[in-house]
2 protein chains.
Amino acid sequence: MSSGVKTKKTAPKRRRRGPEEARREAVATARALLIASGPKAVTLKAVGAKIGVTHANLIHHFGSAAGLQSALMGSMVRDLTDALAAAVTNLRSDEGAPRALVDEVFEAVDVGGAGRLAAWIALSGDLEHLEPIRAAVQDLVEAVHEKFAEEGEDGRRRITRAILFMALTAFGDSVIGASLRDMLGEGDDAARDIVARWLPSFFY
Amino acid sequence: MSSGVKTKKTAPKRRRRGPEEARREAVATARALLIASGPKAVTLKAVGAKIGVTHANLIHHFGSAAGLQSALMGSMVRDLTDALAAAVTNLRSDEGAPRALVDEVFEAVDVGGAGRLAAWIALSGDLEHLEPIRAAVQDLVEAVHEKFAEEGEDGRRRITRAILFMALTAFGDSVIGASLRDMLGEGDDAARDIVARWLPSFFY
DNA sequence: GCGGCTACCTACATGAATGTAAGTTAGAGC
DNA sequence: GCTCTAACTTACATTCATGTAGGTAGCCGC
């Protein structure tokens, strides 16, 4: 109402972003929606509305709704694998104490909703989207093995079980940890405290 | 095509169940659908088709689609709490070894898709449906405490952490355990082996 | 300035899920 | 056998997510 010079049409004020920035913004918004309101809330219209764009425009950029979801999954899986890789690097740099590793893994699974997304993927049956995580997890096994384990097949086995233990706990904590801790009267850090306390006993 | 005596209309062969049986059958079918194909597959039409009934009939019995989902959640939560209660009873009967407890809890979370359902509930934000589990979990804490722990506030704390550890692992295992174990080359029982191996160290 | 590429838009079509209205018929009780 | 309840049905209406068609307009290179 301020600068409406021409009475018929106010300027549409249509901004034009590059395709790469448009995609990034849409994926980030979709992620926020997923974390805040669950998978069902991630629709083309909802995402478009949040960034001031029509749903048709999102189809233009991603090809389809499934394309957007796939991009979202890819983005979160990439973040998770990056975080795991960083944890591996820290571990190898001779600075990685078990507690630091645990914190990094829990953060990686929790921040950005990676754990919740993984649950969604697993429930929906799109297991192939989980596949890129495989290498990251196996890298983590290698790094821990280099750092802590004695030689031999038995040592390797202990490491994979330690990683399984830590990953399952971090995942569970990110999805229903808040509810469970509340039921038990435990604090926010209870799960990672437990893992940090018992993880070393797998190594030696 | 066999017994079509009257050419105009074959007998509709409409069977009529009592409301309670109709509801039970619908909920059981919905559960099977949820486990097999994920939350998105649980629709009025799909459930109705499986039991030879129209979607309108399901609305007649449950009031709405949300009513059916709510009944489904209630049914699965009830099964889970029953299973936990049975585990508690076994534990108190002086027959409950740690390994048996672990197996029972893992079964309870896994069978009937309770773990996957809990993930769905948590992701959707319907946290109040998780509420009936609270008492069952706290009962479990009591039973374990009676059986294994020494006295004092510290003992209680160790028990709650043991339960948290076991519950998070069982939950995580039921949702992404298959994928994770595959990535790590571990067998089906790896998670419950781990829990059974380390759970006693929480108690003493 | 201006032409073209394409990021955007509006408008419409489609299909699926849910819900409503108005019947039909099965079976229980008299 | 008759009647009445309610478990069923069919035949709508509605809403929403997705997708398509075609036009509009911002920016880059000339």
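The legends below describe close-up views of a predicted model. Local features need pLDDT of at least 70 and side-chain atom pairs count only at pLDDT 80 or more, while totals for chains, interfaces and linings use all residues. Residues are numbered from 1 along each chain as its sequence is written, with chains lettered from A and ligands numbered from 1 in the order in which they are written.

**View 1. Contact between chain A and chain B.** On chain A, 43 residues are in contact with 42 residues of chain B (contact: C-beta atoms, placed from the backbone, within 7 Å). Helix 6 (114–124), helix 7 (131–148), helix 8 (153–184) and helix 9 (190–198) of chain A each supply at least two residues of this side (helices: DSSP runs of H or I, at least four residues, numbered from the N terminus). Helix 8 of chain A gives the largest share, 19 residues. By class, the side of chain A that touches chain B has 25 nonpolar, eleven polar and seven charged residues (nonpolar: Ala, Val, Leu, Ile, Met, Phe, Trp, Tyr, Cys and Pro; charged: Asp, Glu, Lys and Arg; polar: the others, Gly among them).

**View 2. The axis relating chain A and chain B.** A turn of 180 degrees and a shift of 0.0 Å along the axis lay chain A on chain B with an RMSD of 0.1 Å (least-squares superposition on C-alpha atoms of residues with pLDDT of at least 70 in both copies). This is the relation of a two-fold axis. In chain A, the C-alpha of A:Gly172 is nearest the axis, 2.4 Å from it. Both copies use the same surface, since 98% of the contact residues of chain A recur in chain B.

**View 3. Surroundings of DNA strand D.** Of the 24 residues around this strand, A:Thr43, A:Leu44, A:Ser64, A:Ala65 and B:Ala56 come nearest (near: C-beta atom, placed from the backbone, within 6 Å). Two or more residues each come from helix 2 (44–50), helix 3 (55–62) and helix 4 (65–92) of chain A, and from helix 1 (19–37) and helix 3 (55–62) of chain B. The surface near DNA strand D comprises ten nonpolar, six polar and eight charged residues.

**View 4. Surroundings of DNA strand C.** This strand is surrounded by 24 residues, the closest being A:Ala56, A:Asn57, B:Thr43, B:Ser64 and B:Ala65. Helix 1 (19–37) and helix 3 of chain A, with helix 2 (44–50), helix 3 and helix 4 (65–92) of chain B, each give two or more residues.

**View 5. Surroundings of A:Met166.** Leaving aside neighbours within four places in sequence, A:Met166 is in contact with A:Val102, A:Val105, A:Val195 and A:Leu199.

Methods. Two residues are in contact if their C-beta atoms, placed from the backbone, lie within 7 Å.
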